[in-house]
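Colleague: I am new to this one. Show me the structure, and I will ask how you know what you claim.

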Amino acid sequence: MYTLNMATVKLSIQDKKDLDKFTKFLALKAAQIIVQSRLGEKVQTKCKPHSSGTDWFNLAIRDLPEVLAEAKRALCGEVVTARLPLCVEISLRTVEGDSMMLETWCLGVLPEQCDPSVRVTYTVYNRMGILLKSLVSVTRVTPAYKLSRRQGPDSYVICYRIYMGEPQLHNLGEGYNQVRVGQLCTPVGTLHLSVSYRTKMTISPQNTGRDNSIMLKSDHFHPDLSPKHLRYQQSEDNSASLSDTIKVGAFADSCRQQQIPLEPELEIPNVPFSSLLAPRQQSPPRPSSVQPAEPPVETGGGAEVEDDGNGNVTPRCDSRRSSCSMVSNNEDFIMVDLKTPFATTNANSELGAFYLECQSAPQLKTFSEQPTLAEQVGDITKTLEAFETSMQEYDEMLNSLCLSDNNN
Amino acid sequence: MNARSQIFELTVEGRQVDEAVASIFHTVLFHRSVGKFQYKQEGSYSVGTIGYADVDCDFIDFTYVCCSSDDLDRNLKREISVFSEALRGNDGPGSGQISLEFFQKKKNRWPFQPERIPWEVWTVRLELIKLNNEHERQVCRERVGDMLTEKILYIAEVMNRHDYVPKMPNQSELDLIFDTSYADVQPYLFRVGFATSTPTNTSVGTTVKKLIKETLSL
């Protein structure tokens, strides 16, 4: 705000005061609209012929005391325009303690785009009202709205957080959307309101099926180590190529493809536990990926181990928080190293390996041994010839069938 | 002056027509309504407060927001249902369009009616489809919901542009800009019109009709 120029100079003290006040209430009311739209209930407010002191912008927005307190705490009562952006983060928390950030609403200001001629008391105030109406409408159409209407104490609840500063969008997962709700010009810059929302919802009823629930139960004692939580942090860096971001499951045989030539053709490939017999391999190089947003948590010294002595190759976990990782070829499957308390390290790895062997079946030979076109044509010709020679047999069989039909 | 025109095209099942149109028009009207003006002496006035309500659609996976004014809702729904019935009737054409037009009035010399000058027109073109089973209906519920999401975002974008809206009038001219017939809200003057033949013919047809009407009214 200090770089402001002529515009601020021209702005009268009264206008400046008004503008700050309007902006503060815009922020407070925006927070109310967003949070109230995520409570899971339909909102209805009444029209009033006479506005009262709390009815800002001629829009009947209820003030929930708790939200007001949170928003005021974030704003700190300072000159609001100088401290924007203000963000309201909406997240989902399951009964198991998993949480997932759904969207972040952001009210920001661009000081370089200002309109000194605009009238604060009239035009700015009215446009703030329109911006809030747009906010009311848009809050009902982002994916989090439907989720919030279905929340319940035995499935998941929606949480919010209000903070000042640049929006933290890295937890929204890959391919999040950003939508502009609206903007308005003021003498000190352009106020803009936007939302960024998650598009990939991985915690959903169909994904908490039987198979996954067995594995996911293992984080009872470490609510922070939710694999889903981890997963979104891993996608912070959008520039990383796909191959960099692919993770290998905790027990997954990361070198399966290299093993195939070692086995004789006639042996049945991928016998359960076969990896125990295979020579030890080096794990793939650590992906050039991102640091976790939160400080790493130490987990019994197991996280850095590459080879656990059972012959299973355990790739290093990217975030170093635990040996959680996921199977690369199955988006929805997340596996957690079973860290049973008081048990020796990786007592369950055989089970895990067995599970993975079964889960990802080997490629069918049909696909690896494709016959040439000539061979295929030859096969067809042979088959046709065989059919022709056996024509007599078929006729006889047909006749016998007809006869037996008649008998019945 | 040319009116701004926004056209939305949607493909819906018959029973989704009313809700699809209402969600768009109500969102527009919510933005294009102000609180009721209360005039005091000496020409000063106070502006009332607009309440709003969430509306869940029955046949579309969608929730929209409207002004909480029963009268406004009733009037709009009535207009839409006339269109919907014409569109869905047995001999209905299967496609049609409905427009929400905002206009201001310009006083004419007595005895002529005030002239209506439109400044913004929102048109929804609908094409009806027939669905065979519940699965298709479920898909359609979601698809139309997604389409409406796009439309709502677009409406928000348009509303936040600094485009022309009529100037705030004096008390004597309030009726030339706003519809003051509602007790709780004060929308800009608007009317709803529709046509249920092929859209290209209609626009020409209505223009000609309008020309003739206007000539006669002079």
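Modeller: Start at the interface of chain A and chain B, where the rule finds 20 residue pairs in polar contact, both residues at pLDDT 80 or more. The model is predicted: local features need pLDDT of at least 70, side-chain atom pairs count only at pLDDT 80 or more, and totals for chains, interfaces and linings use all residues. Residues are numbered from 1 along each chain as its sequence is written, chains are lettered from A and ligands numbered from 1 in the order written, and side-chain values use heavy atoms, without hydrogens or water.

Colleague: What makes a pair a polar contact?

Modeller: Two N or O atoms must lie within 3.5 Å; within protein, one must be able to donate a hydrogen and the other to accept it, and residues adjacent in sequence count only if both atoms are side-chain atoms.

Colleague: Which elements of chain A supply at least two residues each to the side that touches chain B?

Modeller: They are α5 (120–139), α6 (143–149) and β4 (177–186) of chain A. The names come from DSSP runs, numbered from the N terminus: helices are H or I with at least four residues, strands are E with at least two. α5(A) gives the most, with 9 residues. By class, this side of chain A has 18 nonpolar, 9 polar and 10 charged residues. Nonpolar covers Ala, Val, Leu, Ile, Met, Phe, Trp, Tyr, Cys and Pro; charged covers Asp, Glu, Lys and Arg; the others, Gly among them, are polar.

Colleague: How many residues does each chain bring to the contact?

Modeller: Chain A brings 37 and chain B brings 31. Contact means heavy atoms within 4.5 Å. The buried area is about 3,100 Å², with 53% from carbon and sulfur atoms. That is the accessible area (1.4 Å probe) that the two parts lose on being put together, summed over both. In chain A, Cys47(A), Lys133(A) and Val141(A) lose the most area to chain B, together 20% of what that side buries.

Colleague: Why is the pair of Arg149(A) and Asp56(B) called a salt bridge?

Modeller: The N to O distance is 2.5 Å. The rule asks for a side-chain nitrogen of Lys or Arg within 4 Å of a carboxyl oxygen of Asp or Glu, so the pair qualifies. The rule finds 3 salt bridges across this interface, and 23 over all chains.

Colleague: What makes Glu174(A) and Lys200(A) a salt bridge?

Modeller: Their closest N and O atoms are 3.8 Å apart. That falls within the cut-off, so the pair counts. Glu174(A) sits in the loop between β3 (156–164) and β4 of chain A, and Lys200(A) in the loop between β5 (189–197) and α7 (210–216), 26 residues away.

Colleague: Why does the span of helix α3 (residues 134–159) of chain B agree with its number of residues?

Modeller: The expected span is 1.5 Å times one less than the number of residues. For 26 residues that gives 38 Å; the end C-alpha atoms are 37 Å apart, so the two agree. Asn133(B) caps the N-terminal end of α3(B), with a side-chain oxygen 3.2 Å from the backbone nitrogen of His135(B).

Colleague: How do you know where chain A is least confident?

Modeller: pLDDT, the predictor's confidence in each residue, runs from 0 to 100. In chain A, strand β6 (residues 325–326) has the lowest mean, 37, and α6(A) the highest, 94. The chain averages 71, and 58% of its residues score at least 70. Over residues 280–331 of chain A the score stays under 50. Where pLDDT is low, the predicted coordinates should not be read in detail.

Colleague: What is the mean for chain B?

Modeller: It is 88, and 87% of its residues reach 70 or more. The complex gets an ipTM of 0.88 and a pTM of 0.64 from the predictor.
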